[in-house]
Amino acid sequence: MSRTAQSVWENCLSFIKDNIQEQAYKTWFEPIQPVDLNENALSIQVPSKFFYEWLEEHYVKLLKVALTKELGNGAKLLYKIKMENSYSNKLPLTHQIPSNDRQPVKTQEVDVPIVQKDPELKNPFIIPGIRNINIDSQLNSNYSFDNFLEGDSNRLARSAGMAVANKPGGTSFNPLLIFGGVGLGKTHLAHAIGVEIKEKYPEKTVLYISAEIFTQQYIESVKKNTRNDFIHFYQLIDVLIIDDVQFLSGKSGTQDVFFHIFNHLHQNGKQVILTSDKAPVDMQDIEQRLLSRFKWGLSAELHQPDYETRVSILNNILYRDGVELPEDIIEYVAKNIKSNVRELEGAIISLIAQSSFNKKEVTIELAKQVVEKFVKNIKREISVDYIQKVVSDYFQLDIETLQSKTRKRHVVQARQLAMFFAKKFTKNSLANIGSQIGDRDHATVLHACKTVDNLVSTDKQFRKFVEDLNKKLSQ
């Protein structure tokens, strides 16, 4: 006899009924209607979003066991949420949401070697220094490979991340440095690698931490004279993930301590994962010995997603939130928001919210209004050419003179300011900026930026140049 949604759900209910109290069963399971069975995916209808959230929070494990008994290990559960539409004469609204059975990453235990003089190792996460300490991985289990969609813009980084997750410390991608602009998914990918490692290797100690918090912990350890304990603690970690490593710029003490931690982990086959908004070659005020270690493994760049990837991301967000939108609206948003994934996600969530709160149909007109608010801030992206024109006009030079080899003081200062503002206002690499401003190399641009920073604090007239140009370029 072929299985139907009804028969599968009835078998699940008989199992569930035996495992929970009768009142809970009547409240949360009797109102559910089986809707559809597609291979190993069962769709059930629930009366509200709250109902779905309660089931996911309190009964997802029970549902998983019941479904697996009926449909095997690949069993999936989909919720259809049927809500009455009281704002028009149309049919009830139906949202479809997949069940999420991913559990939070568990606290980890580490055996700490006891030193004879001082048996307490101070954990910078404020956990008492005892023989066996608990370490919260700081991982967000919602950031997974499942919802990090692959495209041309991120294929190298994602593939390298998967390779590291499958064999942490055992690939040539150590360290793995993921770099790219704001909102492209660096933090998401870093968490995804950590979450995947914890699922595959529960015994490994994984720790995610931002470079800013790492620095604060180090400063605290110096104040309390526990610097060695700080180093020893981090040397216990199997997989260390440091987010926004460019934050270490100019912090020589933190760089020094990280250098020792990095060397120990690397030499002992432990995995290091770093994220940065810059490539190693473009990082300022990072010690050369540390930069050279960043280059030991793989540096993988995340680029802006292409159109197809943007459409896939939007469809995935809508599927995750149980919302259906017309194809032309999805395409409109994908075509007009190109900068990064974060803005793309913000626009589609804003569109859904506008529609829900204002009781409006989701139309192209509404999509245009929402997208306009996101795009107008980035509509005229400042280019290196535009910056050169503004700086040249301000100093009454022509662009050829600005780009020339002349060493006249006022021209050199104008050229350095153009390089400084190009770094500040554009996403170009230092090498790219240098090539556009008179075919210079990245070291010249780096020197120009440092010179501008120094002159701003020592030369009152020069500070006025910077303030005036900053206003012109910010308008």
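This is a short group-meeting talk on how some helices pack in this protein.

Okay, before anything else: what we're looking at is a predicted model. The protein has 20 helices and eleven strands. Of its 475 residues, buried ones make up 45%. And if you take the contacts with a separation of 6 or more, 70% of them come from residues 24 or more positions apart.

I want to spend my time on the largest nonpolar core, which has 30 residues. Which of those residues touch the most other members? They're V391, F395, L417 and F421. Several elements give two or more residues here, namely α15 (384-394), α17, α18 (430-436), α19 (442-458) and α20. The top contributor is α17, with eight residues.

So let's stay with α17 and look at two of its partners.

Partner one is α20. Helix α17 covers residues 409-425 and helix α20 covers residues 460-474; their axes come within 11 Å and cross at roughly 45°. That angle is why we call α17 oblique to α20. As for handedness, this crossing is right-handed. On the α17 side you've got Q413, L417, F420, F421, K424 and F425, and they meet F462, F465, V466, L469, N470, L473 and S474 in α20. Sort that contact by class and you get nine nonpolar, three polar and one charged residues.

Partner two is α15. Here the axes of α15 and α17 come within 9 Å, and they cross at roughly 140°. These two helices are therefore oblique to each other, and the crossing of α15 and α17 is right-handed. Who meets whom? From α15 it's V384, I387 and V391, and from α17 it's A414, A418, F421, A422 and F425. By class, this contact of α15 with α17 has eight nonpolar residues, with no polar and no charged ones.

Notice some names coming back. F421 in α17 is on the list facing α20, and F421 also turns up in the contact with α15. You can say that for F425 too: it's in the α20 contact and in the α15 contact.

One more residue to click on is F395. Leaving out anything up to four places away in sequence, what does F395 touch? A414, L417, F465 and L469. Apart from this core there's another one, of 29 residues, with I135, I209, Y218 and L291 among them.

That's my tour, so go ahead and spin the model around.

Conventions. Residues are numbered from 1 along each chain as its sequence is written. This is a predicted model: local features need pLDDT of at least 70, side-chain atom pairs count only at pLDDT 80 or more; totals for chains, interfaces and linings use all residues. Side-chain values use heavy atoms; hydrogens and water are left out. Axes are lines fitted to C-alpha atoms, for helices over the stretch in contact, and angles run from 0 to 180 degrees between N-to-C directions. Helices (H or I, at least four residues) and strands (E, at least two) are DSSP runs, numbered from the N terminus. Angles under 35 degrees count as roughly parallel, over 145 as roughly antiparallel, 65 to 115 as roughly perpendicular and the rest as oblique. A crossing is left-handed if the near helix is turned anticlockwise from the far one by less than a right angle, and right-handed if clockwise. Contact means heavy atoms within 4.5 Å. Ala, Val, Leu, Ile, Met, Phe, Trp, Tyr, Cys and Pro count as nonpolar, Asp, Glu, Lys and Arg as charged, and the others, Gly among them, as polar. A nonpolar core is a set of buried Ala, Val, Leu, Ile, Met, Phe, Trp, Tyr and Cys residues joined through side-chain atoms within 4.5 Å. Buried means under 20% relative accessible area, exposed over 50%, partly exposed in between (1.4 Å probe, protein chains only).
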